[in-house]
Amino acid sequence: MKSLNEVLARELDLMLETWNYHWNVEGPLFPSLHVLFESQYQSLQEISDGIAERIRALGVVAETRVNIIIAKGTSTQEMLGNLATKHEALARWMQDELVPAYAEAGDAASADLLTQTLHKHDKAAWMLRATAR
Ligand SMILES: [Fe+2]
C-alpha cells in the first residue's frame with residue numbers, strides 16, 4: 001500500500017506548482033487566474049496539512065519531499081492543463097487505489113480523509129478545465 005508520505009509529496013508538488021503559476025501567469029485572464037490559483041494553492045496547503053497530521057496521528061514522521069521543476073514561459077493554457085491533469089491523476093489514484101486499500105486495511109480515518117481529498121481534486125480540476133475552454 002502506498003504510504004501517506006507519498007500522497008503528501010504529490011500534494012506539496014502540486015501546491016508549489018499552483019503557487020508558482022499564481023505569480024507568473026500573464027495575459028488578459030491575469031486577474032481571475034491570479035485569484036483562482038491563490039485559492040487552489042491555499043486549498044492544497046490545507047490538504048497537505050491534513051494528510052501530514054494524519055501521518056503524525058499514525059505515529060509516523062511527516063516528510064517534506066519536494067521534486068518539482070517548473071518550466072519558464074509556460075503559457076496560460078499549459079498552466080491550466082498541467083494543473084487539471086495533476087488534480088485528475090490524484091483523484092483517480094485516490095479513488096481507484098488508495099481509498100480501497102486503506103478501507104481494506106481497516107484504516108477508516110485515512111480512507112475518509114482521502115475520500116474528502118479526492119472530492120477537492122475533482123472540484124479543482126473542473127474549475128481549471130472550465131476556465132481553459
Ligand atoms: Fe500572492
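Of the 133 residues in the chain, 41% are buried. The model described here is a predicted one. A residue is called buried when its relative accessible area is under 20%, and exposed when that value is over 50%. The surface of the chain that remains accessible amounts to about 7,500 Å², and carbon and sulfur atoms account for 53% of it.

The secondary structure is readily described. The chain contains four helices and zero strands, so that, read from the N terminus, its elements follow the order α-α-α-α. The radius of gyration of the chain is 15 Å, close to the 14 Å given by the globule rule for 133 residues, so the chain is as compact as a globular protein of that length. Along its principal axes, the C-alpha trace spans about 50 × 25 × 20 Å.

The contacts of the chain show how its parts are brought together. Among those between residues at least 6 apart in sequence, 81% join residues that are at least 24 apart. The charges may be considered in a similar overall way. The chain carries 12 positive and 18 negative charges, and the mean positions of these two groups are 3 Å apart.

The aromatic residues offer a first local view. The structure holds three aromatic pairs. In one of them, Trp 19 and Trp 23 form a tilted pair, with 5.6 Å from centre to centre and 40° between the planes. Both residues belong to helix α1, which covers residues 4-24, and they stand four residues apart, about one turn of the helix. Trp 19 is partly exposed, because its relative accessible area is 31%, a value between the limits for buried and exposed. Trp 23, in contrast, has a relative accessibility of 53% and therefore counts as exposed.

Trp 19 also takes part in a pair with Tyr 41, and this pair is stacked: the centres are 4.7 Å apart and the planes differ by 20°. Which parts of the chain does the pair of Trp 19 and Tyr 41 tie together? Trp 19 lies in helix α1, whereas Tyr 41 lies in helix α2 (residues 30-57), so the pair ties together parts that are 22 residues apart in sequence. Tyr 41 is buried, because its relative accessible area is 10%. Through ring pairs, Trp 19, Trp 23 and Tyr 41 are linked into a cluster.

Helix α2 also contains Ser 48. Is this residue, Ser 48, buried or exposed? Its relative accessibility is 4%, and Ser 48 therefore counts as buried. Apart from its neighbours within four places in sequence, Ser 48 is in contact with Leu 8, Glu 11 and Leu 12. Leu 8 is 40 residues away from Ser 48 along the chain, yet the C-alpha atoms of the two residues are separated by 5.8 Å.

Attention now turns to the last helix, α4, which comprises residues 108-132 and includes Lys 123. Ala 125 lies in helix α4 as well. The surroundings of these two residues can be set side by side. Ala 125 is buried, because its relative accessible area is 6%, while Lys 123 is partly exposed, with a relative accessible area of 49%. Ala 125 touches Ala 84, His 87 and Glu 88, when residues up to four places away in sequence are not counted.

Distances in sequence and in space may be compared for both residues. Ala 125 and Leu 14 are 111 residues apart in sequence, and their C-alpha atoms are 12 Å apart in space. For Lys 123 and Gln 45, the separation is 78 residues in sequence and 16 Å in space, from C-alpha to C-alpha.

The description ends with Arg 133, which is placed in the segment after α4. With a relative accessibility of 85%, Arg 133 counts as exposed, because this value is over 50%. Arg 133 and Ala 57 are 76 residues apart along the chain, and 42 Å separates their C-alpha atoms. Ser 48 and Arg 133 thus illustrate two opposite settings: Ser 48 is buried at 4% relative accessibility, whereas Arg 133 is exposed at 85%.

Terms used
Residues numbered from 1 in each chain as written. Predicted model: local features only at pLDDT ≥ 70, side-chain atom pairs only at ≥ 80, totals over all residues. Heavy atoms only, no water. Helix = DSSP H or I, 4+ residues; strand = E, 2+ residues; numbered from the N terminus. Rg over C-alpha atoms; globule rule 2.2 N^0.38 Å. Buried < 20%, exposed > 50% of the residue type's maximum accessible area, 1.4 Å probe, protein only. Contact = heavy atoms within 4.5 Å. Areas by Shrake-Rupley, 256 points an atom, 1.4 Å probe, with all protein chains shown as cover. Lys, Arg positive; Asp, Glu negative; His and termini not counted. Charge placed at Lys NZ, Arg CZ, Asp CG, Glu CD. Phe/Tyr/Trp six-rings, centres within 6.5 Å; stacked < 30°, edge-to-face > 60°.
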